[in-house]
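Trainee: I want to learn how to read a structure like this one. Can we go through it feature by feature?

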Amino acid sequence: MADAAATAGAGSSGTRSGSKQSTNPADNYHLARRRTLQVVVSSLLTEAGFESAEKASVETLTEMLQSYISEIGRSAKSYCEHTARTQPTLSDIVVTLVEMGFNVDTLPAYAKRSQRMVITAPPVTNQPVTPKALTAGQNRPHPPHIPSHFPEFPDPHTYIKTPTYREPVSDYQVLREKAASQRRDVERALTRFMAKTGETQSLFKDDVSTFPLIAARPFTIPYLTALLPSELEMQQMEETDSSEQDEQTDTENLPLHINTDDSGAEKENTSVLQQNPSLSGSRNGEENIIDNPYLRPVKKPKIRRKK
Amino acid sequence: MPPTGLEPARMNRKKGDKGFESPRPYKLTHQVVCINNINFQRKSVVGFVELTIFPTVANLNRIKLNSKQCRIYRVRINDLEAAFIYNDPTLEVCHNESKQRNLNYFSNAYAAAVSAVDPDAGNGELCIKVPSELWKHVDELKVLKIHINFSLDQPKGGLHFVVPSVEGSMAERGAHVFSCGYQNSTRFWFPCVDSYSELCTWKLEFTVDAAMVAVSNGDLVETVYTHDMRKKTFHYMLTIPTAASNISLAIGPFEILVDPYMHEVTHFCLPQLLPLLKHTTSYLHEVFEFYEEILTCRYPYSCFKTVFIDEAYVEVAAYASMSIFSTNLLHSAMIIDETPLTRRCLAQSLAQQFFGCFISRMSWSDEWVLKGISGYIYGLWMKKTFGVNEYRHWIKEELDKIVAYELKTGGVLLHPIFGGGKEKDNPASHLHFSIKHPHTLSWEYYTMFQCKAHLVMRLIENRISMEFMLQVFNKLLSLASTASSQKFQSHMWSQMLVSTSGFLKSISNVSGKDIQPLIKQWVDQSGVVKFYGSFAFNRKRNVLELEIKQDYTSPGTQKYVGPLKVTVQELDGSFNHTLQIEENSLKHDIPCHSKSRRNKKKKIPLMNGEEVDMDLSAMDADSPLLWIRIDPDMSVLRKVEFEQADFMWQYQLRYERDVVAQQESILALEKFPTPASRLALTDILEQEQCFYRVRMSACFCLAKIANSMVSTWTGPPAMKSLFTRMFCCKTCPNIVKTNNFMSFQSYFLQKTMPVAMALLRDVHNLCPKEVLTFILDLIKYNDNRKNKFSDNYYRAEMIDALANSVTPAVSVNNEVRTLDNLNPDVRLILEEITRFLNMEKLLPSYRHTITVSCLRAIRVLQKNGHVPSDPALFKSYAEYGHFVDIRIAALEAVVDYTKVDRSYEELQWLLNMIQNDPVPYVRHKILNMLTKNPPFTKNMESPLCNEALVDQLWKLMNSGDDGTYFCKLKIK
């Protein structure tokens, strides 16, 4: 019941716009329900003493009624789910009504009022049939330790796996071939993408797409990209370096070995080096011993010194 | 009053080397240069100089100084206002009204203009009148202090501003400025006596933005903030007397690196490049040690600075106690090819610190001594660092270069002596420029001049031994260093100037040998020797009849008379013979030591004492001669064309241990396309012990031979199986091993072989499909992931190889090149080039070597008619803002296009760039390329050659303030 109300609410806005040409069963269902509601509203109005009403006001009242009922359904559903049930009980509805500010005590009296009109039950329309999902295999029954009110197992294909094994490729030639073509494909795809999304140049006037060249774009500081190794290369260098220590890295490590002895002692002098932020902190210890004019602090102008 | 300046100059020559007498009527003792404002936005400089001079003549009333493009505001002498005139005749070399327009006229006018401001003739652009109040003071030869306020706006030379147009402060943008120029061009940025012979002490002050560093000559005494703390002033003192021409400056937001081995050495580079700087300079201390050891003399200055800057004028420029390098020399540890080149640049600049900066020259005609000595000791460093093979290879290369140049243009004169100044006495009348002044030379001539100078020094060494040679250098240095510590009053400073006569006297004192004939032949006279040699073996007399002819009538040649060494390898060993080359003797009989007896199995002794087994079946049964070499030690500046049989060249290639001999035989074997030559070359290629450069040239020779014998060639294409064996996987021979460049020799060979192979052609004169597939596979399977080194040069050479494989397209007359009629092989090549070029945008390679190769390859495809010829792509890559190597490659293509398609529009575009490009190096390079590959030549009808162009070029030359415009002249 609550479900029906919820769907009615949700569907109402859609039905209005498409009521005329609606032909499918779901729409028919909603239409019929709405018609019933309209009858209800009209009878209530008659009860209240109206003789006639504009169509627009009836529509508005219908809408209000529908949303009120929908809200009751939605809210009742929440209460029932809150207590871990799937079907709302009477008390859920009562709590809902109370919550919505409705005096429940007046309800029995209202129901028994003398002048109430009885309207015929709405014609039975077919519930919209939700197309059945394609089932594959048989759903498993619950094992004994799972209570039966728990949802059913999903279709087996969603959780059953069939592992397959393939021989790992170990042939050198195939591996190289694969690596090469993979890289080439990636590169080609990447460059093509870049060419497609940016400006291009072409070697042929009649065809700009077969050999697209990414347009040459001048740099503001061209030497940086030209000289600095790319991040990829840096990464490679680190990898190869860690695997094989050779002379070249030894020389670079030299100062590092030295400063392990005295780096701590000379920490307070680091301010001297502030003019030269590029020097790594780890080398400070060694640099301080060096008396190089470019490392000396910049002097303050003379007048300030006098102060 | 007549100008007195010229008289001492003439006296100087007569007096010879009895001390140096200045051509100027005063002596400079000290100069202050203070630049207190540098504006990067406007590219301007404001400052003053103060020169302390002592008059040497009583009636000195005019003082001439050098100054170019500076605006002079005010001149004061001893605080008195002084009148001055500024006139620079080089701004307009030939006056407008003159109708005459030929090279000769221009050259004379230009020489006259340069001469009119030459400090070594006592002249200058700036003429200052000594105020009359001081005349009495001058007559007593008392000190004068000349204070000049000047400014410089948008300098065209001398100082070069690099201001990248990005956001941020100048320091954040990496803006920098540095001094540059050719020879003595300090006058471009401050008034001075711009001569290498006027030495004085210096005080240099530069006020710069607080985030910047000013690097200059001498010791940094202190750095002081200005009052607003936004700027700081760098105070430098240079107490060693130094010529103004050796003063330099570099200002920028440099990163500072103190050399970990020598704390008095400091390196500077632009932001973000510090890791590269660390690696690049980590080697410098070894060069220091080497020079100090051989010269037995400490480095003369108390400190040394290297600065690496962008848009460099030249790769290396040496100044007193500092050198300015191109930032493009910096490299990381992953780069192989650049490392030796950069080290060579470092070593070169350091050699010039001793000879060139510390020791200066008396006059332009003594330049060869400085260039010679610095080049010579640099050669010694090469020998020690890269080995004897590399050294001999280099000497051979330099010798070939100078010989080719002299034969082409007609002689390089090291020590020009200018007589009465009459046109007839002009020792260089064959040239289109005057050699009287460094500024009137063509760039190429000067390069060759330096090359010849160091080769002549080597000849002197051959004559007097290296020991004596080094003693002479040591003597020059110790005299100079004693003099440098003296006060000005002692008149000792001229000891720091070297002159030809002084140098020669020193040689004769130290060695006791007379080298006058040698000097006369190579220094006082231009030209090289051209020998033609052939021989016959006289079996009866067991004598080798050698005939040596000379060509001394062609331009650039001279007659050689004197000893000539000939080495003959016989069955019994190697024998040296010294022949006397005389006027009329052509034939020389050389007795052979061994009888022809090749049946005996015996090892054959070589020159170096080694004994080897040889297969003697190829040789002439009647003759014991294996091979003959003329002047094996390269002790004459010569070209030798020697005839001997093919098998002799093959023996020489296989068994002679001297790399020069091997290289000569490779060159000779090109003319003998036989299976035996092929075998000899492949054997050399495979020999691990063989010098890698020899093996590399063997590759190209083998390709040529293979092409000549294409109809009889059997087996796979040349070098393919060799390459497969050396560099491909054992199990799958079509796949190259993953890169491992730990062995540089094989790296270079691996790089070169495909390039040479791509030159192979089949009977249809096409590159064999097999070769192309092979190269494409190399590219495909190239895998550098496990390599310690970058493969950018390798990949670039693979593209070069692809370009080499391209042959002219078969075209139906003037068919438009479209994609549809593209040759399928070319399509594959183009596919690779496109991918490489595009990948460069995402993952740029070091120095963009790959882009450079791609651009060249595209031009090759255009030229061969596979792709429509179109300069648009190259023009976009030639624009300012691309890396300089890319620009040059692109410009080369445009220049080539201009020539092939005779495009007036492109020529105009190039000329426009020559006039307006911000980078002087590029401007110079375009001119250079245009002369090397001229769009039209003198005798050719071309639509490009019209009146308007002549007009334009003439204007360009006439207003040029840069000597480099000279090259262009040849086009006309």
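Mentor: Start with the order of elements. This is a predicted model. From the N terminus, chain A runs α-α-α-α-α-α-β-β-α-α-α-α-α.

Trainee: How many helices and strands does chain A have?

Mentor: Eleven helices and two strands.

Trainee: What share of chain A is buried?

Mentor: Chain A has 307 residues, and 27% of them count as buried. Now look at its surface. The chain exposes about 21900 Å². Carbon and sulfur atoms supply 59% of that area.

Trainee: And its contacts along the sequence?

Mentor: Take contacts in chain A between residues at least 6 apart in sequence. Of these, 37% join residues at least 24 apart.

Trainee: Next, helix packing. What describes two packed helices?

Mentor: The angle between their axes and the distance between the axes. Try helix H8 (residues 367-409) and helix H14 (residues 659-669), both of chain B. Their axes are 8 Å apart, at an angle of about 50°. H8(B) and H14(B) are therefore oblique to each other.

Trainee: Which residues make that contact?

Mentor: H8(B) brings B:Asn389, B:Arg392, B:His393 and B:Lys396. H14(B) brings B:Val659, B:Val660, B:Gln663 and B:Glu664. By class, the contact of H8(B) with H14(B) has two nonpolar, three polar and three charged residues.

Trainee: Why do residues three or four places apart point the same way in an α-helix?

Mentor: An α-helix has 3.6 residues a turn, so residues at that spacing point the same way. Keep that in mind for the next pair. Helix H6 (residues 284-295) of chain B also packs on H8(B): the axes come within 11 Å and cross at roughly 115°. The crossing of H6(B) and H8(B) is right-handed.

Trainee: Which residues of H6(B) and H8(B) meet?

Mentor: From H6(B), B:Val287, B:Phe290, B:Tyr291, B:Ile294 and B:Leu295. From H8(B), B:Ile377, B:Tyr378, B:Leu380, B:Trp381 and B:Lys384. The contact of H6(B) with H8(B) holds nine nonpolar residues, no polar ones and one charged.

Trainee: What about burial within one helix? Which residues of H17(B) are buried?

Mentor: In helix H17 (residues 720-727) of chain B, they are B:Leu722, B:Phe723, B:Thr724 and B:Phe727. Then ask what covers them. The cover includes helix H15 (675-686), helix H18 (744-757) and helix H19 (769-781) of chain B.

Trainee: Let's try a loop. Is B:Ile247 buried or exposed?

Mentor: Residues under 20% relative accessible area count as buried. B:Ile247 has 1%, so B:Ile247 is buried. This residue sits in the loop between strand E14 (231-243) and strand E15 (249-252) of chain B. Its contacts include B:Trp189, B:Phe190, B:Trp202, B:Leu204 and B:Tyr319.

Trainee: And B:Ser248, what is its relative accessibility?

Mentor: It is 0%, so B:Ser248 counts as buried. B:Ser248 lies in the loop between E14 and E15 of chain B. Among the residues it touches are B:Ser179, B:Val215, B:Met322 and B:Ile324.

Trainee: Last one: A:Thr225. Where does it lie?

Mentor: In helix H7 (residues 222-227) of chain A. A:Thr225 is partly exposed, with a relative accessible area of 25%. Set aside neighbours within four places in sequence. A:Thr225 is then in contact with A:Phe219, and with B:Pro844, B:Ser845 and B:His848.

Conventions. Residues numbered from 1 in each chain as written. Chains lettered and ligands numbered in written order. Predicted model: local features only at pLDDT ≥ 70, side-chain atom pairs only at ≥ 80, totals over all residues. Heavy atoms only, no water. Helix = DSSP H or I, 4+ residues; strand = E, 2+ residues; numbered from the N terminus. Buried < 20%, exposed > 50% of the residue type's maximum accessible area, 1.4 Å probe, protein only. Contact = heavy atoms within 4.5 Å. Areas by Shrake-Rupley, 256 points an atom, 1.4 Å probe, with all protein chains shown as cover. Axes fitted to C-alpha atoms, helices over the stretch in contact; angles between N-to-C directions. Parallel < 35°, antiparallel > 145°, perpendicular 65-115°, else oblique. Nonpolar A, V, L, I, M, F, W, Y, C, P; charged D, E, K, R; others polar. Left-handed = near helix turned anticlockwise from the far one by under 90°.
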